[in-house]
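Visitor: I am new to this structure, and I would like to understand the words used for it. Could you show it to me and take my questions one at a time?

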Amino acid sequence: MADKKKKLSDREIVSVLDQHLARADGRGATTRSQEREEVLKYYNGELPLPVGKRSKFNSNDIYDNVESTKAVILNAIHQGLSNICFTPEDDKDEVEARVATAYTDHVLNKLNPGSRILHDAMHDALLARNAVVKVWWEKITETEEFEINGTQDAVMLMMQEMQSGVSEQDKFKQRDDEPLEIDPETGQMSGKLYKDIDRSQVRIANIPAEEFIINPGAKCIQEATFIAHRSRRRISELVAQGYDEDKLEQARSASDDLSFNSERIARADAAGEDGTEENEDDQLVQVEECYVYLNVDGKGEKRWQVTKVGDYILEKQVADTVRFVSYCALPVSHTFWGNNYAARLIPTQNVNSTIMRSLVDQTVFSSIPRYMVAKGGLKNPAELTDLRFGGMVNVDNLNAVGLLPQPTINPYVMTTLELMATKAESISGVSRTAMGINQNVVGKQNSGALLDQVTSASQQKMTLSAKWLAEFIAELKLAIYDLALRYEKKEVIVEVAGSYVPVSPEKWRERRQVTAELHLSPEHRQAEAQKLVATFTMFSQDPALASMFGPAQKRLFAAKYLSLMGLPNVDKVLLPVEQAAKPGPDPNLQLQMKLIEAQQQANMAQVQISQMKAQATLRQAQLTAEVKALKGEQDFALRKAEIELKAMTEERKSAELDHSMQMEEANLELARDAQDVNAIIKLTSGS
């Protein structure tokens, strides 16, 4: 029990840390370091080394596959970054969750180089098994200078107004060596005031693989018993932070593993640098920031953060959490270190380089062949080796010189190259179609849909790597949120829902849930967008579901659709539900009611038409009967009239006959009378 309560001295702490560092830098770390160095040289096209004075051609299989994988996954990440967001914990938490997402995006992409951080993390994961990113709160204070000039009363009044209502930290201060001056002749006061401005923020930085140390057998960072980050920092920087310069100078003699680290030198060589950072005026020391479980204060084991240079401890404090986030593209179960993506392609690059060198050598030998010459057959051998056009070679006889037989190209060379290309595709998950280097697949006989299917199928292996990267970003956002919750004391202006609002992270609640949704290719996003449109249409048209499909749900569908179509900042397009105008009656319901009303009116009109048809039919029957009756009466009257007319005709004829007879009789009478007169006349004349 006494040992458990015993406090550890600085010397004992340094001894424990050195033991942990020695174990972590064992055979496994050395093997991984050598692997990373070799992979880097293959990536840069320096390996495999050429043999003799033959072709120096190197295939770029590792470079091509790594860059293609980075392009596909990072493009998906950047287009779907808004889909990695904090999850609301209840109905009232939706706005705060959106604010938290906007704040972490602001920190990642505006206060830090987010795109470069994700690129470097992806690059390290593909070439060095794991990528590690450090997240910490950096205290930064900037001093603002303010000049004043005026009468003494005006200056004092202005200073009183400037100092009232502000915190002690935000007040303007005078420097002891720069007091305010008063001109005795004019009474004018002049001078300078200074104000300290807090620029502290969350910092994010990628850590090179050789600088990160974790205890052997660790499964993840949070469960590791020992973690360390060793880096090289300038002595002047540490002295400015208040550390003892003499102790730092003494600690310089301690081992500096990073000074001549082969990985760092290989990376510098590839960039055209010499790999040295040290100069005589400002020397560097190796700083080791360690996280380890210790009983430093005699109150039991806790995780401590101890920063040291050699045997000199710069600071030690209880670590609230470990500020490292890791990403592994090809994780292996039950171990922190995953598979090395690039190392699995080394055999492919070796074979392709060897075959291509042989083909190049064969082409060169065919163009500049070797000769066999009979001894003494040439008068001047230099004439044969001189490659001048139109040159002359003097020979003793025609058979003195002949071509040296050359082996022909192996017929299986091209088959082997195709086999290795297929093997590289199966290992990396990146097809030549996706990389745009397979010309045979691009033709009129292959439709765009077929190309999309081939490309999408080749990306299936990258889907998991993209999901791991999305989870890495989610964990990174949680770390940013946690640091802001602990240390951010000032308001920060961030863009939320298309407008800039002040945010106070210290008032937030703790969060542990971040959701991530990604789609690797445009085809995947379009397919998901079509699913959303179909679902939206079904919900809107179904009367039973329409009542449950309100404005909030519709906005969610619209936001996801816009994000899938490449418009991640949906808040600038769609207003929040609470700011949107109150909707009127449901247009679908109104339309349905109008349709029902129109149908009823149509039914009533149909009934009226039927009634009118029946009435018309009855009236027609009545009219037909009346017509028939009238027609019978008319026929009877006509018949009667015909009979009467006939009778009248008969009577007329009879009357005419009687009249004619009467006239005849009258004429006869007249004739008789005339005869009688003539006779009388004759008689008279005769007498």
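Guide: What follows is a conversation about how certain terms apply to this predicted model.

Visitor: How many helices and strands does the protein chain have, and what share of its residues is buried?

Guide: The protein chain has 20 helices and 17 strands, and of its 687 residues, 34% are buried. The chain exposes about 42800 Å², of which carbon and sulfur atoms supply 54%.

Visitor: Why is the meeting of Glu263 and Arg36 called a salt bridge?

Guide: The term asks for a side-chain nitrogen of Lys or Arg within 4 Å of a carboxyl oxygen of Asp or Glu. For Glu263 and Arg36 the value from N to O is 2.7 Å, so the pair meets that rule and counts as a salt bridge.

Visitor: What makes this pair one that ties together parts apart in sequence?

Guide: Glu263 belongs to helix 10 (residues 262-270) and Arg36 to helix 3 (residues 27-43), so their salt bridge ties together parts that are 227 residues apart in sequence. Both Glu263 and Arg36 are buried.

Visitor: Which salt bridge do Asp320 and Arg323 form, and why is Asp320 called partly exposed while Arg323 is called buried?

Guide: The side chains of Asp320 and Arg323 meet in a salt bridge at 3.3 Å, N to O. Buried means under 20% relative accessible area and exposed means over 50%, with partly exposed in between. Asp320 has 38%, so this residue counts as partly exposed, whereas Arg323 has 9%, and therefore counts as buried.

Visitor: How do you know that Lys302 is partly exposed?

Guide: Its relative accessible area is 28%, which lies between the cut-offs of 20% and 50%, and therefore Lys302 is called partly exposed. The side chain of Lys302 meets that of Asp297 in a salt bridge at 3.1 Å, N to O.

Visitor: How many salt bridges are there by this rule, and which residues are linked in a network?

Guide: The count comes to 28 salt bridges. One network of salt bridges links Glu89, Asp90, Asp93, Glu96, Arg509 and Arg511.

Visitor: What makes strand 6 and strand 12 edge strands?

Guide: The open sheet has three strands in the order 6-2-12, with antiparallel pairing. Strand 6 (201-207) and strand 12 (324-328) each pair on one side only, and these are the edge strands. From one strand to the next, the twist averages 20°.

Visitor: How do you know that strand 2 and strand 6 pair?

Guide: Pairing requires at least two bridges between the strands. Strand 2 (residues 130-138) and strand 6 have seven bridges in the antiparallel sense, so they count as paired. Trp136, for instance, has Arg203 in strand 6 as its bridge partner. Helix 6 (residues 114-127) packs on the sheet, touching strand 2, strand 6 and strand 12, and its direction makes about 145° with that of strand 2.

Visitor: Why is Leu387 called exposed, and which nonpolar patch does it help to form?

Guide: Leu387 has 59% relative accessibility, which is over 50%, and so the residue counts as exposed. Together with Phe57, Val360, Val364 and Ile368, Leu387 forms a nonpolar patch on the surface with about 420 Å² of accessible area. The place of Leu387 is in the loop between helix 12 (382-385) and strand 14 (401-403).

Note on methods:
Residues numbered from 1 in each chain as written. Predicted model: local features only at pLDDT ≥ 70, side-chain atom pairs only at ≥ 80, totals over all residues. Heavy atoms only, no water. Helix = DSSP H or I, 4+ residues; strand = E, 2+ residues; numbered from the N terminus. Buried < 20%, exposed > 50% of the residue type's maximum accessible area, 1.4 Å probe, protein only. Axes fitted to C-alpha atoms, helices over the stretch in contact; angles between N-to-C directions. Contact = heavy atoms within 4.5 Å. Patch = residues over 30% accessible without salt bridge, like charges linked within 9 Å, V, L, I, M, F, W, Y side chains within 5 Å. Areas by Shrake-Rupley, 256 points an atom, 1.4 Å probe, with all protein chains shown as cover.
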